[in-house]
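Colleague: I've got a model open and would like a close look at a single part of it. Could you walk me through that part and then show me how the rest fits around it?

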Amino acid sequence: MMLRNPFAQICFFILLFTRFFSPVLAQEPEKLGLDPDKWAVELNKTNMDEEVNYLGSLIDQLVEVDSLRAIQFLDSLENSPEAKGHYFKTHFCMAKAEVIYDKFAGYDKYKDRRAEALIPIKEQLMKLYADALEAAYHTENEGKIGWVNFYSARRMLHFGEIAWAVMYSKNGVDLFEKINYPLEPPVYTELGELLLQVKEYDESIHYGKKGIAAWKILNYENEYDAPYKFKVRAFNTIGSSFSKKNEYDSAISYLNQALLIAKDNKDKGLEGRVLGNIGRILYVQANFDTAWALFQTEYQYSMLDSALNEAANASQWMAKANLARGNKLAALAEAKEALRLLRLWPNGQYRRDTYYTLKQIHRELGNYDSAFYYSDRYILLNDSLEKEVATSSLAISKARLNSEESRYKIQKINKEKERQLFIRNTIIAAIVALGLFVLMIVNRGRLKNKLALEKAESEKMLMEQEIQSAKEQINSFTSHIIEKTNLIEKLEEQVNGKNASSEHQMIIAALSQQTILTEDDWLKFKSLFDKIYPSFFQKLKKTAPEITVAEQRMAALTRIQLTSKQMAAMLGISVDSVHKTRQRLRQRLQFSSDTNLDEYISAI
């Protein structure tokens, strides 16, 4: 039977992912038992296939023992003298998260995934996954980083963290593709379905097509019991995305391909789902009779497949179509049937749509009290769902920024280590050179000149590296501010001309605060700026001794050739305020109207 529940699909996907990383579980790890010191050594291995074999063996053993013994072993493993290195930290955090999930947070413990008791467990898992990702960044192993991204994201989706799943699943796929690691078709199909959920339709189409193309690259047909199911899902995802974009010809084309595969394999469940999607397009095109017939077929096939939530959605669409055909009483019965099924298999989006349909039906029947009742329930649920979608969308962007920021910090740490290593090697070289100088007195003069030249070159190289590093950091600093500004403008465009909800206003306000250059930000910026232009502020104060801090900031931003709009974003002020500050700067420098401020400052 086809897995209808998204969480069940993700469980299957995780098992699939582990399988294609390690075709056969190694036998040697099982001999280790639960010896913390030996496992600490094994978990610090770097080979991709070997590490997953060992990690899977450890997790299997810990799942079999009682919870207390499993936690005691993990504590002993973490405190082992052999527990060191970024690879160990990555594997340990992933193993601990998996054991905690299996022992305390599985579906056999909590059917309601929004239960309050799950919140501290979820937060603990998210912390472990974040630590694993940070450790993976330290390894600079892109395959390792992709693996952590991929696996942790899929597991966190069990808690409804859609934004986490989308962003980090995509990061994982991108990294695997970068290192040319072959990804199986379901990987792309699952990602395409997730992107469809968060309304990223172009991306959903892109990865859905990759999922279809992947079947032709390698011979995966023999690796699955029913590969046609993933093909139907891929075509269905692409068709649904085109439908959301109102590109109905393309949508029908892909949906028909999905329908053909489902029919060839006599899969009524998948056939019903595809027919329902085709019916929604026909409904939009006002072909209500044919649409109703397709919805009825989807309802019947979904009931046979025990997919009660999908049957409820089909019944709700039958009601919409019957209402459009003038069959009000039939529409009312079908909408009530949808509510009955949703009580058995809850789904927020389907319930919201059913409330809206019931409101329309009761209004047509003249039952205004009932119409107002369902209207209120629709508005309340719709606001909640829309807020969740908006939050997920913003969370995806924030996750992208946080991920890049983490990578940037790790790169800075590694560069600093490289610099320290260079200095140490230079010192060692100087000591050796000094020893040779003492032993070779005859060549003392020549060696002295040589050492002086080497020292000068070394200092010059260090200075150039520091200047280059400062330039890269200040460019990264300003680009992050500009990227956030672009995101805010995009959000403002989306709500422009509409009655923006309080939630949208709060979101835009919060992002706007992130672009303001605080005093700490200014000190960091000034420190980087001084490395590139060491005498700029001294010369500026010499020209205008009473120049203010705000005018110094404006001069510095002018020196790095930012636009007025970018200056406004960095300083957290309006463009008009930028122009006024520039005018005060001109007056402070006692410039005439024909003097070019930008050229003067660039020459300092």
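Is leucine 436 buried, partly exposed or exposed, and what is its relative accessible area?

Modeller: Happy to, with the reminder that this is a predicted model. Leucine 436 comes out as partly exposed, because its relative accessible area is 41%. On the chain, leucine 436 lies in helix α18, which covers residues 368–439. What's around it is worth a look too: leucine 436 belongs to a nonpolar patch on the surface, together with Ile428, Val432, Leu439 and Met440. Taken together, these residues have about 480 Å² of accessible area.

Let me put that in context. The protein has 26 helices and 0 strands, so everything I point to below is in a helix or a loop between helices, judging by how helices and strands are assigned here. Of its 604 residues, 46% count as buried. The protein exposes about 31700 Å², and carbon and sulfur atoms supply 52% of that. As for contacts with a separation of 6 or more, 66% of them are between residues 24 or more positions apart.From the surface, let's go to the rings. The structure holds 22 aromatic pairs. One of them is formed by tryptophan 522 and phenylalanine 537, and this pair is edge-to-face, with 6.3 Å centre to centre and 85 degrees between the planes. Tryptophan 522 lies in helix α21 (residues 519–532) and phenylalanine 537 in helix α22 (residues 536–543), so the pair ties together parts that are 15 residues apart in sequence. Tryptophan 522 counts as buried because its relative accessibility is 3%, and phenylalanine 537, with a relative accessible area of 5%, is buried as well.

Now stay with helix α21 for a second pair. Phenylalanine 525 and phenylalanine 529 are stacked, at 6.2 Å centre to centre and with 25 degrees between the planes. They both lie in helix α21, 4 residues apart, which is about one turn of the helix, and both are buried. If you follow the ring pairs along, they link Trp522, Phe525, Phe529, Tyr533, Phe536 and Phe537 into a cluster. Phenylalanine 537 has a further partner: lysine 526 lies over the face of its ring, 4.6 Å from the ring centre. There's another arrangement of this kind at tryptophan 317, where the charged end of lysine 320 sits over the ring, 5.2 Å from its centre.

Next, some buried polar residues. Serine 302 is found in helix α14 (residues 288–304) and is buried, with a relative accessible area of 2%. Not counting residues up to four places away in sequence, serine 302 touches Ala307, Glu310 and Ala311. Asparagine 309 is found in helix α15 (residues 308–325); its relative accessible area is 5%, so asparagine 309 counts as buried. Leaving aside neighbours within four places in sequence, asparagine 309 is in contact with Trp345, Asn347 and Tyr350.

Aspartate 131 is worth a stop too. Its place is in helix α6, and aspartate 131 is buried because its relative accessible area is 18%, under the 20% cut-off for that class. Once neighbours within four places in sequence are left aside, aspartate 131 is in contact with Lys89 and Cys93. You can also check the backbone here: the C-alpha atoms of aspartate 131 and threonine 90 are separated by 7.4 Å, although the two residues are 41 residues apart along the chain.

Last, a couple of backbone angles in loops. Most residues other than glycine have a negative phi. Glutamate 140 has a positive value, with phi near 60 degrees. Glutamate 140 is found in the loop between α6 (118–139) and α7 (142–156), and it is exposed, with a relative accessible area of 53%. Glutamine 561 also has a positive phi, near 65 degrees. That residue, glutamine 561, lies in the loop between α23 (549–559) and α24 (564–571), and at 64% relative accessibility it counts as exposed.

Back to where you started: leucine 436 is partly exposed, and on the surface it shares a nonpolar patch with Ile428, Val432, Leu439 and Met440.

How values were computed: Residues are numbered from 1 along each chain as its sequence is written. This is a predicted model: local features need pLDDT of at least 70, side-chain atom pairs count only at pLDDT 80 or more; totals for chains, interfaces and linings use all residues. Side-chain values use heavy atoms; hydrogens and water are left out. Rings of Phe, Tyr and Trp (its six-membered ring) pair if their centres lie within 6.5 Å; planes under 30 degrees apart count as stacked, over 60 as edge-to-face and the rest as tilted. Helices (H or I, at least four residues) and strands (E, at least two) are DSSP runs, numbered from the N terminus. Buried means under 20% relative accessible area, exposed over 50%, partly exposed in between (1.4 Å probe, protein chains only). A charge sits over a ring if NZ of Lys or CZ of Arg is within 6 Å of the ring centre and within 35 degrees of the ring normal. Patches are made of residues with over 30% relative accessible area and no salt bridge: like charges are joined within 9 Å, nonpolar side chains (Val, Leu, Ile, Met, Phe, Trp, Tyr) within 5 Å. Accessible areas come from the Shrake-Rupley method with a 1.4 Å probe; for residues, only the protein chains shown count as cover. A salt bridge is a side-chain nitrogen of Lys or Arg within 4 Å of a carboxyl oxygen of Asp or Glu. Contact means heavy atoms within 4.5 Å.
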